[in-house]
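Trainee: Could we take a close look at a single part of this model, and then place that part in the whole?

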Amino acid sequence: MSFNNYIGGEWVAAKSGATFERRNPADTRDIVGKYADSGAEDVAAAVAAARAALPMWRKLAPDARAQFLYRAADILARRKDEVASALTREEGKTLMESGGETGRGVVLLRYYAGEGLRIGGDVIPSVNPNALFFTERVPLGVVGLITPWNFPVAIPLWKIAPALVYGNTVILKPSELAPHTAHLLAEVFAEAGLPAGVFNLIQGRGTAGAALSGANGVDGISFTGSAVTGKKVALACVERGAKYQLEMGGKNPVIILPDCDMEQAVTLTVQGAMRSSGEKCTATSRAIVTEEVADEFTARLVEKVKSLKLGPGTDKDAYLGPVITSEAQQKILGYIEKAKSEGAELLCGGGVPTGEEFAQGFYIEPTVFAGVTPQMTIAQEEVFGPLLTVIRVADFDAALTVANDIAYGLSASLFTSNLGNALRFAREIEAGLIRVNGETAGVEPQAPFGGMKGSSSFSREQGQAAKEFFTQIKTIAFEKAG
Ligand code: NAD
């Protein structure tokens, strides 16, 4: 089956006629589909459509725009199982996680439909007693959204929903590794009756993303993906004076203190590290454990990790599925070899599972390394796989130093029952998303989301923070005539 771009309300092939193929990472004999392999000329057509639709869309009242989002939410809720199974088929995560992510998409659409009427502004005192001085938020304009494969429903929707409700028109360029869920999202918006050109979908690879970042008629780019690509997007936007927002990788720590609830700490560390095969920007990748409880924590952790079932996402007993591609599998295996050569101690996993059921997919055993020192490669670089490092430290002071000694700053957790420790952690940890007695992954859509340091361009997504990117402020003064 071949699937086209969605431009100006029409389903159209790439102008070159080129397509790319996506296969199921759990079984590469299964072809998910063929998708338009777009180039600069297709991006130009989408920009023209989005610009043409902008004057009408930005003039609509926010509650009129919101009705389209409510309709899209209802359609997505009705098609939830179909979208979730497409997500599992092309991305590999378990059906339970795909269903949860699709449900979150519904929540995001409904949340932002309501936010349209709460956009607000400020009335500002003026030195002129005969003046009314106030601010109003107006749309940014045409926005390009470039998204990764690991949350192919939630991430596009947490950009699309605020972009639309605040009056922007949209061009989505999803990952070439998860094109089908994006296709289904475009179907949802088409069925919701969005006017032609308000939402456009450009399928394709990095070349299409680069063309979108460099397209002059695009007023802003909201990007989520790797740090390497994020830098290219930022440079392209700076070059032509466009607004940009980047959400990138993480190397997220949990700190385990002696006063924690050990069962909770172990369970949530495993969950944060191994669910979605560790392919989350917020995945737990460093367990920093104080000496006093390190033996107990590590033994219980390894026991739990060894009990996890690996299998296709369609297996209801599977805890984690395959990784996304053969290249990702090789990259993770490379990190495992590097860890061994740098002197880390492999406690479990560490290879490709054997057996008929794994032969056609890209599986990696859930892997734990101990004896890891803070400067080892696996303690510094984002692996993006089911791999957890255990780092022993003397005390809480040392734990905080190690946790912060990293280029990233996305999420971080502390396990403790001491309020003083919790407060100190919240104040001193260098991360945008902080949890005490919770896993590093998983933030509610009504709260701001984003990182510090190399994880982000210092902006935030979701919650009310989204309006900072998708709107701009006008400062207005009305003064008395005469
Ligand atoms: P990626 O950077 O390879 O690709 C992301 C998107 O950019 C894709 O749509 C891709 O086609 C496009 N792209 C590639 N080259 C481009 C270029 N030169 N110009 C413009 N666009 C281009 O990332 P990925 O492998 O899809 O995703 C995994 C990464 O995303 C990880 O680093 C992960 O941590 C990060 N991530 C971050 C968050 C967050 O919110 N912080 C969330 C999810 C994933």
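Mentor: What follows treats one helix, then a loop residue, then the whole protein. This is a predicted model, in which local features need pLDDT of at least 70 and side-chain atom pairs count only at pLDDT 80 or more, while totals for chains, interfaces and linings use all residues. Residues are numbered from 1 along each chain as its sequence is written, and side-chain values use heavy atoms, with hydrogens and water left out.

Helix α4 covers residues 95-115; helices (H or I, at least four residues) and strands (E, at least two) are DSSP runs numbered from the N terminus. The end C-alpha atoms of α4 lie 30 Å apart, in agreement with the 30 Å expected for its 21 residues at 1.5 Å a residue, the expected span being 1.5 Å times one less than the number of residues. Of these 21 residues, 15 are buried, so α4 is largely enclosed by the rest of the structure. Buried means under 20% relative accessible area, exposed over 50%, and partly exposed in between (1.4 Å probe, protein chains only).

Leu60 belongs to the loop between α1 (40-59) and α2 (62-78). With a relative accessible area of 26%, Leu60 is partly exposed. Neighbours within four places in sequence aside, Leu60 is in contact (heavy atoms within 4.5 Å) with Arg65 and Phe68. Gly167 is 107 residues from Leu60 in sequence, yet their C-alpha atoms are 7.8 Å apart.

In the whole protein there are 15 helices and 22 strands, and buried residues make up 59% of the 482 residues. The C-alpha trace spans about 80 × 60 × 40 Å along its principal axes.
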